[in-house]
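Here are a few exercises to work through with the model open beside you. Try each one before you read its solution.

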Amino acid sequence: MKNKYILYIACAALSVITSCKRESFLNRSPLSDITPGTYFKNETDLQLYCNQYYSALTIQNFLKADDNSDDKANATVNTLLAGTYTIPSAATHNYSGSTTLDFNSNTPGTVINSNTVNINQSGTDWDFALIRACNFFLANYTKADIPDATKNIYVGETLFFRANDFWKKVKAFGDVPYVNRYIVDTSKSVLYGPRMPHKQVMDSVLKDLNFAVANLPVTPAEGRLGKYTALALKARICLWEGTYRKYFGVGDETTYLQAATDAAEQIINSGQFKIYSTGNPQSDYYNLFIQDELKGNSEAILPMRYLSSILMNGIDRSLGEAGDGYSKDFVNSILCSDGLPTALSPLYKGDDTPDNEATNRDPRYKQQIATRGFDFLAGDLITLPRIGTTVTSTGYQPIKGRSNSLAAWNANASTYDFFIFRYAETLLIEAEAKAELGLATQQVIDNTINKLRDRVGMPHMIIATLVKDPKSDFPTLPVLIDEIRRERRVELGSEGFRFDDIKRWHAGTLINNPATILGMKLTPALRAQYPAQQVSNIIVDANNYIRLYPSITTRTWNDKMYLLPIPTQEISLNPNIKQNPGW
């Protein structure tokens with residue numbers, strides 16, 4: 001049972017800060033609500049100020065996550081992948097923090113009169129408000145009359161969020177202006193500088209992360225960042241950057257791949273985390289994501305927590321009405337229960353019926369996709385995939401984080417917790433980074449991939465017996481890296497990582513595969529089992545697979561999509577900013 005006095009992380013955006021006015025380039029509105037001469041005097045001041053950052057944490061809530069990739073085909077077409085995305089005129093400024101503080105609260109998790117949470121992430125737009133807020137803190141925190149070790153905790157928090165925000169901008173835009181100090185001089189020579197090269201920005205990001213790791217506490221105060229959270233972010237960012245440098249041929253990847261594995265191993269060797277399991281391989285993976293309380297869960301490096309009448313969310317219901325669906329391509333990637341791909345396994349029964357397709361598969365199939373007998377809501381059992389409804393677009397209905405609870409179905413009344421950092425991701429990072437470095441021994445695989453497989457009762461991955469899938473998405477890759485990528489895809493399905501993975505692997509052409517926008521096989525015999533009105537508008541291809549977008553049979557990757565376009569207003573304001581290639 002959750003205690004109402006326990007602190008909650010991400011609601012700082014609602015309870016201790018208010019939204020601030022946005023202005024264009026570098027968000028240069030004065031931080032007038034705080035006077036450095038009278039503020040930043042003690043630890044409470046530092047803590048209050050840092051609370052505002054926490055709304056920028058990425059919460060894995062599964063709602064339409066991975067719809068921008070080859071894993072999903074939502075009822076609403078993704079405009080970027082369809083080639084119809086247009087250059088925005090201005091940044092949308094989705095950072096919700098400010099420096100207007102509530103002095104009745106001294107943690108990022110204290111909830112005051114709030115029963116819902118707006119989950120926005122900073123860094124995915126040309127928005128420098130969070131970075132500017134971080135730089136303001138770094139220019140003033142030394143005024144606090146407290147020990148340096150205490151100050152450095154909040155410097156560590158600040159640098160954690162600054163690093164994360166710059167990384168998100170690099171992922172989105174490539175080269176970006178790098179500002180690591182609070183700008184008082186508003187002359188054009190200061191504000192309107194050029195973009196710094198990607199590699200230089202990321203080298204500075206790594207320095208910020210290293211400081212955070214060195215100075216955040218091993219056992220943080222309730223609801224705050226700690227050392228292992230910083231290590232988890234470092235591992236995530238360094239894997240992304242190391243593989244990006246390798247597959248885009250820009251060099252110097254080894255430093256980042258080694259940093260990724262070093263960070264992951266510190267988490268693994270701490271002994272504080274392990275894969276959640278109750279010994280029920282047919283349900284443990286599914287049950288992990290409908291937990292009312294993740295505090296104390298062995299897999300939670302950092303959870304987002306919710307409490308009835310204090311802070312709740314509406315994700316459970318939204319997942320049941322999202323018009324979402326895994327793609328045929330994602331489903332094809334799931335192994336059979338003997339550990340072999342469908343193209344090689346004698347256990348594969350084909351896909352002429354939903355029951356056949358789900359038989360003898362990795363147990364994560366039925367724990368991520370609604371199959372016959374799944375309880376949609378309080379005894380409303382799935383018999384046939386609910387195509388032709390808002391429940392699923394493809395017939396492969398995602399059920400990760402989706403329960404049958406009537407209480408959670410009520411609008412904004414769910415108290416299921418979400419992961420911010422999950423130990424399973426750390427294990428996958430360790431396996432992939434080691435493999436990219438050529439250091440993935442069987443022991444490495446046993447300590448990472450096979451821990452995930454043990455939870456669901458899958459055969460272990462044995463390096464010596466791996467056989468290349470003839471239908472692999474990566475035919476030229478070594479089989480070990482190929483299979484680690486498959487494991488990552490399946491384990492982290494619906495958690496929002498896939499498009500970032502496609503980009504860092506320089507693998508955008510994966511979206512050209514027609515199966516990425518196809519759904520289940522709807523044979524005439526299967527169609528006849530549905531009410532005619534429900535399926536009358538469903539179009540299939542020559543092989544009877546559901547076509548999601550009648551005007552599109554395949555998508556065509558354009559390399560300009562590796563980066564987003566910069567809003568035209570920002571370019572007009574700053575002549576030193578040039579548009580990204582192809583846009």
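**Exercise 1.** Find out what sits over the ring of Trp583, then look for what lies over the face of Phe497.

*Solution.* Keep in mind that you're working with a predicted model. Start at Trp583: the charged end of Lys560 is parked over its ring, 4.1 Å from the centre. Now go to Phe497, where Arg488 lies over the face, at 5.4 Å from the ring centre. The cut-off for a charge over a ring is 6 Å from the ring centre, along with a limit of 35 degrees from the ring normal.

**Exercise 2.** Is Gln60 buried or exposed, and which residues does it touch?

*Solution.* First, locate Gln60 in the loop between α2 (43–51) and α3 (79–82). Next, check its accessibility: Gln60 counts as buried because its relative accessibility is 6%, and the cut-off for buried is under 20%. Finally, list the contacts, skipping residues up to four places away in sequence: Gln60 touches Arg236, Phe418, Phe419, Ile420, Glu495, Gly496 and Phe497. You've met Phe497 already, as the ring with Arg488 over its face.

**Exercise 3.** Classify the aromatic pairs Trp240 with Tyr244 and Tyr286 with Phe374.

*Solution.* A search of the whole structure turns up 33 aromatic pairs. Take Trp240 and Tyr244: their centres are 5.1 Å apart with 10° between the planes, and the pair is stacked. Both residues belong to helix α8 (residues 227–247), 4 residues apart, or about one turn of the helix. Trp240 and Tyr244 are both buried.

Then try Tyr286 and Phe374: at 6.0 Å centre to centre and 90° between the planes, this pair is edge-to-face. It links distant parts of the chain, 88 residues apart: Tyr286 is in helix α10 (residues 284–288), and Phe374 is in the loop between α13 (354–358) and β2 (375–377). Tyr286 counts as buried because its relative accessibility is 15%. Phe374 is buried too, with a relative accessible area of 12%.

**Exercise 4.** Which residues join Tyr39 in one aromatic cluster?

*Solution.* Follow the rings from Tyr39 and you'll pick up Phe40, Tyr49, Tyr53, Tyr54, Phe136, Phe137, Tyr141, Phe160, Phe161 and Tyr182.

**Exercise 5.** Which residues form a nonpolar patch on the surface with Leu340?

*Solution.* Begin with Leu340 in the loop between α12 (328–333) and α13. Leu340 is partly exposed, with a relative accessible area of 30%. Add Leu344 and Val467 and you have the patch, with about 210 Å² of accessible area together.

How values were computed: Residues are numbered from 1 along each chain as its sequence is written. This is a predicted model: local features need pLDDT of at least 70, side-chain atom pairs count only at pLDDT 80 or more; totals for chains, interfaces and linings use all residues. Side-chain values use heavy atoms; hydrogens and water are left out. Rings of Phe, Tyr and Trp (its six-membered ring) pair if their centres lie within 6.5 Å; planes under 30 degrees apart count as stacked, over 60 as edge-to-face and the rest as tilted. Helices (H or I, at least four residues) and strands (E, at least two) are DSSP runs, numbered from the N terminus. Buried means under 20% relative accessible area, exposed over 50%, partly exposed in between (1.4 Å probe, protein chains only). Patches are made of residues with over 30% relative accessible area and no salt bridge: like charges are joined within 9 Å, nonpolar side chains (Val, Leu, Ile, Met, Phe, Trp, Tyr) within 5 Å. Accessible areas come from the Shrake-Rupley method with a 1.4 Å probe; for residues, only the protein chains shown count as cover. A salt bridge is a side-chain nitrogen of Lys or Arg within 4 Å of a carboxyl oxygen of Asp or Glu. Contact means heavy atoms within 4.5 Å.
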